[in-house]
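Got a model open and not sure what to look at? Let's go through a few features in question-and-answer form.

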Amino acid sequence: MFGLEALDLARIQFAFTISFHILFPAITIGLASYLAVLEGLWLKTRDDTYRDLYHFWSKIFAVNFGMGVVSGLVMAYQFGTNWSRFSDFAGSVTGPLLTYEVLTAFFLEAGFLGVMLFGWNKVGRKLHFFSTVMVAIGTLISTFWILSSNSWMQTPQGYEIVNGQVIPVDWLAVIFNPSFPYRLAHMAVAAFVATAFFVGSSAAWHLLRGRDKPAIRRMLSMAMWMALIVAPVQAVIGDFHGLNTLKHQPAKIAAIEGHWENVGNEPTPLILFGWPDMKAEKTRFAVEIPYLGSLILTHSLDKQVPALKEFPPEDRPNSTIVFWSFRIMVGLGMLMIFTGLWSLWLRKRDTLYTSRPFLYLALWMGPSGLIAILAGWFTTEIGRQPWVVYGLMRTADASSGHSFVQMSITLALFVVVYFSLFGVGIGYMMRLVRKGPVTNEGAETSHGGPGQKRTPARPLSAADDDHDADHGTRLNKGN
């Protein structure tokens with residue numbers, strides 16, 4: 001069907017599950033740090049706006065965290081079911097790294113998550129803040145180990161191959177492999193950027209509907225400050241990441257650029273747009289800027305960039321896909337930088353919260369960070385092909401060898417279950433976003449107890465109207 005084989009379906013299945021999964025950790029990483037900042041600011045200033053925002057986003061964080069955990073479990077099982085040969089070959093490296101993630105990050109998050117979500121009226125202020133910070137640190141530690149494992153597959157080192165299996169001989173070299181620092185920074189910052197635009201889009205949605213309240217304004221303000229600062233930083237990190245990729249995976253860079261061959265000693269142009277044709281071995285309808293490819297990738301006007309024809313056809317990534325996935329990522333990144341700069345200009349004119357054109361842009365930019373992350377991951381992972389461990393093991397040799405029928409049935413089941421299960425979860429999370437933060441300025445305080453409303457101890461009851469009516473009465477005596 002469509003010329004696909006069982007191996008292609010196995011790759012599509014893993015790509016589908018990881019694409020769903022990565023959205024949730026990205027928001028989890030960003031929201032955890034955002035919650036730590038909100039609670040820290042509330043403790044410092046006693047401005048209840050920060051407290052109200054904390055309660056609002058902590059509910060969304062709880063739902064998102066749960067979906068991230070569930071979707072991540074499936075990926076771990078796929079290593080054994082669909083990619084058993086890879087596990088046999090490289091499991092001595094990837095297995096311990098993922099175990100370290102569980103021992104150092106997941107246990108830390110799980111240990112303090114309960115206090116963070118349910119301990120607001122049960123523990124002291126400092127202990128609760130400490131728990132929030134620990135959860136935020138846990139998400140970053142998790143990112144560290146996951147990116148170390150994945151980066152080793154991109155740029156393996158610190159190993160020996162004994163009897164057809166990878167044996168680690170230098171764990172520091174394995175963990176801190178050549179691409180790891182750049183990929184860790186790139187992913188962590190991407191999570192912060194994605195969360196900033198998610199938060200900013202939520203605020204814009206409420207402002208466009210006339211809900212102009214201090215908490216909503218604070219959401220938009222903080223989100224746009226983050227976008228203004230972090231989006232340009234991400235562009236700089238991306239440049240360093242690209243130079244590292246050029247050094248260690250030149251075929252990937254050639255595929256990203258749609259660059260097939262060098263002409264004499266001429267510098268490499270930058271192809272802005274075009275359609276790389278893998279069979280014809282050329283990029284059709286190319287729109288080029290002379291010299292710019294060499295300037296961006298080598299930081300010179302005379303050096304050439306490796307071309308795809310310098311690599312055997314069987315070692316070339318699919319340029320058609322990574323050419324466009326990379327440009328989607330970069331294009332969205334430029335829009336993010338533009339949005340941050342526009343917000344600064346409006347802030348100086350005191351129209352940040354009233355400019356409807358900007359608010360509509362902020363609204364539609366809500367999913368931009370997540371789309372950019374997906375495009376970046378497609379570029380990274382498809383650009384690594386045909387290798388599952390770069391230069392060591394081909395993807396075709398890593399699969400379990402299931403039949404086409406088996407892979408078709410399981411892929412169809414994954415699609416149905418994922419859209420059904422996570423569709424409900426995402427729908428509920430967006431329902432919480434639409435309700436917005438609730439504030440009770442001037443309302444009588446209530447500490448809960450017999451005969452009084454109090455905060456439910458279940459995240460899924462967070463959208464109840466009764467809870468929202470009493471939302472602003474928490475965290476008083478005993479904290």
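What follows is a short dialogue on reading this predicted model.

Q: Before anything else, what is the mean pLDDT of the protein?
A: It comes to 87, and 91% of the residues reach 70 or more. There is one stretch to watch: over residues 441-479 the pLDDT is below 50. Beyond near neighbours in sequence, that stretch still has 73 contacts in the model. Where pLDDT is low, the predicted coordinates should not be read in detail.

Q: Okay, on to pockets. What volume does the second largest pocket have, and which residues are closest to its centre?
A: Its volume is about 1,200 Å³. The lining has 45 residues, and closest to the centre are His186, Gly238, Phe326, Met329 and Val330.

Q: Which element gives the most to that lining?
A: Helix 7 does, with ten residues. Other elements that give two or more include helix 4 (125-154), helix 6 (180-208), helix 10 (319-348) and strand 3 (270-277). By residue class, the lining of this second largest pocket splits into 24 nonpolar, 16 polar and five charged.

Q: Let me zoom in on His186. Where does it lie, and is it buried or exposed?
A: His186 lies in helix 6. Its relative accessible area is 17%, so it counts as buried. Leave aside the neighbours within four places in sequence, and His186 is in contact with Gln234, Ile237, Gly238, His241 and Met329. Two of those names, Gly238 and Met329, also turn up among the residues closest to the pocket centre.

Q: How do I read aromatic pairs, and how many are there?
A: A pair of aromatic rings is described by the distance of the centres and the angle of the planes. Here the count comes to 29 aromatic pairs. Take Tyr34 and Trp57: their rings are 6.3 Å centre to centre with 70° between the planes, an edge-to-face pair. Tyr34 sits in helix 1 (residues 6-45) and Trp57 in helix 2 (residues 48-81), so the pair ties together parts that are 23 residues apart in sequence. Both Tyr34 and Trp57 are buried.

Q: And what kind of pair do Phe79 and Phe86 make?
A: Their centres are 5.9 Å apart and their planes are at 35°, so this pair is tilted. Phe79 has 25% relative accessibility, so it counts as partly exposed. Phe86 has 3%, so it counts as buried.

Q: Which residues do ring pairs link into a cluster?
A: The cluster holds Phe16, Phe20, Phe24, Phe414, Tyr418, Phe419 and Phe422.

Q: Last topic, the backbone. Which residues have a positive phi without being glycine?
A: Most residues other than glycine have a negative phi, and most peptide bonds are trans. Glu281 is one case, with phi near 60°. Glu281 is found in the loop between strand 3 and strand 4 (282-289), and at 26% relative accessibility it counts as partly exposed. His299 also has phi near 60°. The loop between helix 9 and helix 10 holds His299, which is partly exposed at 48%.

Q: Where is there a cis peptide bond?
A: Look between Gln385 and Pro386, where omega is about 10°. Pro386 lies in the loop between helix 12 and strand 5 (387-389).

Note on methods
Residues numbered from 1 in each chain as written. Predicted model: local features only at pLDDT ≥ 70, side-chain atom pairs only at ≥ 80, totals over all residues. Heavy atoms only, no water. pLDDT = per-residue confidence, 0-100. Contact = heavy atoms within 4.5 Å. 1 Å grid on protein atoms, 1.4 Å probe; cavity = no way out; pocket = protein on both sides within 12 Å on 5 of 7 lines; lining within 4 Å. Points joined across faces, edges and corners; volume = space filled by probe spheres on them. Helix = DSSP H or I, 4+ residues; strand = E, 2+ residues; numbered from the N terminus. Nonpolar A, V, L, I, M, F, W, Y, C, P; charged D, E, K, R; others polar. Phe/Tyr/Trp six-rings, centres within 6.5 Å; stacked < 30°, edge-to-face > 60°. Buried < 20%, exposed > 50% of the residue type's maximum accessible area, 1.4 Å probe, protein only.
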